[in-house]
Amino acid sequence: MQYSILIAIILSVSLLMVFYFPQAYGIFHREDFVITDYGVKNGNPFMTVQGEAGRSVSVDMGDESYYAYTFVTDKGVFASTVALGVDESKPYYSADSFQVEKFEIGACLEDGDLTGTPKFSGKTVEFIPQGFTIMNLSKVYTLQVTSDDPDDDCQSGNHIYKIFASN
């Protein structure tokens, strides 16, 4: 009898944490980073993943890490990103422009000049450019990026921490 009550309490608390405090158990689904398709549609680069684009949020490093769905295009390198929000209860979506010499662990991602907007919808993530049109997409990556203090070697402080997939 005592074990039944204990199990019921544990299950209740677990469900409460899942629904009201999602960051308490961490959100990472490997399939959210496995690329199945990519291309350019109406001037917007997109990629499709096995899971749900933008669902996973990096909680292991707090605000010092984020995930980047990255597009190498004829106009530069762009990313639609997802991070743990300021209130730590919802994801924060954003877009970035990068300058990077080589996609490898530890590489510095310097800030680029052009802007855009992220769009996450089911299995698909897009980068919507503002003020320019993308015609060609040569490569896509799903990355985990760490944000550290800027230094002489990397003025942005952003480094590739993990490369989940590339096509």
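These legends walk you through close-up views of one predicted model.

**Figure 1. The whole chain is one helix followed by strands.** Start with an overview of the protein chain, which holds one helix and ten strands. Following the sequence from its beginning, you meet them in the pattern α-β-β-β-β-β-β-β-β-β-β. Of the 167 residues in the protein chain, 41% are buried. The surface that the protein chain exposes comes to about 9600 Å², and carbon and sulfur atoms supply 52% of that area. Now think about which parts of the chain meet: among contacts with a separation of 6 or more, 57% are between residues 24 or more positions apart.

**Figure 2. Four strands line up as an open sheet.** Trace the strands across the sheet and you will read the order β1-β2-β8-β7, with antiparallel pairing. The edges are taken by β1 (35-41) and β7 (116-121); each has a single partner strand, so one side of each has no neighbour in the sheet. On average, neighbouring strands in this sheet are turned by 15° against each other, direction ignored.

**Figure 3. A hairpin joins β1 and β2.** Here two residues lie between β1 and β2, and the two strands form a hairpin. Look for N42 in the turn, where phi is positive, at about 55°. Six bridges connect β1 and β2, which pair in the antiparallel sense. To find your way along the hairpin, pick out Y38, whose bridge partner in β2 is M47.

**Figure 4. On its other side, β2 meets β8.** The sheet order places β2 between β1 and β8. Residues 44-49 make up β2 and residues 124-129 make up β8; the two pair in the antiparallel sense over three bridges. M47 is a handy landmark again, since this residue stands opposite V125 in β8.

**Figure 5. Strand β2 is buried along its length.** Six of the six residues of β2 are buried, so this strand is largely enclosed by the rest of the structure. In a regular strand, side chains alternate between the two faces of the sheet. You can follow this in β2: N44, F46 and T48 point one way, while P45, M47 and V49 point the other way. Both sets are buried.

**Figure 6. A disulfide ties two loops together.** One disulfide turns up in a search of the whole structure. Its partners are C108 and C154, with sulfur atoms 2.1 Å apart. The torsion about their S-S bond is about 80°, so the disulfide is right-handed. C108 sits in the loop between β5 (91-99) and β6 (110-111), whereas C154 sits in the loop between β9 (137-147) and β10 (158-166). The pair therefore links distant parts of the chain, 46 residues apart. Are these cysteines buried or exposed? Both C108 and C154 are buried.

**Figure 7. S156 sits among residues from elsewhere in the chain.** Stay with the loop between β9 and β10, where you will find S156. Its relative accessibility is 16%, and because the cut-off for buried is under 20%, S156 counts as buried. The side chain of S156 reaches the backbone nitrogen of N158 at 3.1 Å. Leaving aside residues up to four places away in sequence, S156 touches C108, L109, E110, D111, D148 and P150. One of these contacts, C108, is the disulfide partner of C154.

Technical notes:
Residues are numbered from 1 along each chain as its sequence is written. This is a predicted model: local features need pLDDT of at least 70, side-chain atom pairs count only at pLDDT 80 or more; totals for chains, interfaces and linings use all residues. Side-chain values use heavy atoms; hydrogens and water are left out. Two strands pair if DSSP finds at least two bridges between them. Axes are lines fitted to C-alpha atoms, for helices over the stretch in contact, and angles run from 0 to 180 degrees between N-to-C directions. Buried means under 20% relative accessible area, exposed over 50%, partly exposed in between (1.4 Å probe, protein chains only). Contact means heavy atoms within 4.5 Å. Accessible areas come from the Shrake-Rupley method with a 1.4 Å probe; for residues, only the protein chains shown count as cover. A disulfide is a pair of cysteine sulfur atoms within 2.5 Å. A polar contact is a pair of N or O atoms within 3.5 Å; within protein, one must be able to donate a hydrogen and the other to accept it, and residues adjacent in sequence count only if both atoms are side-chain atoms.
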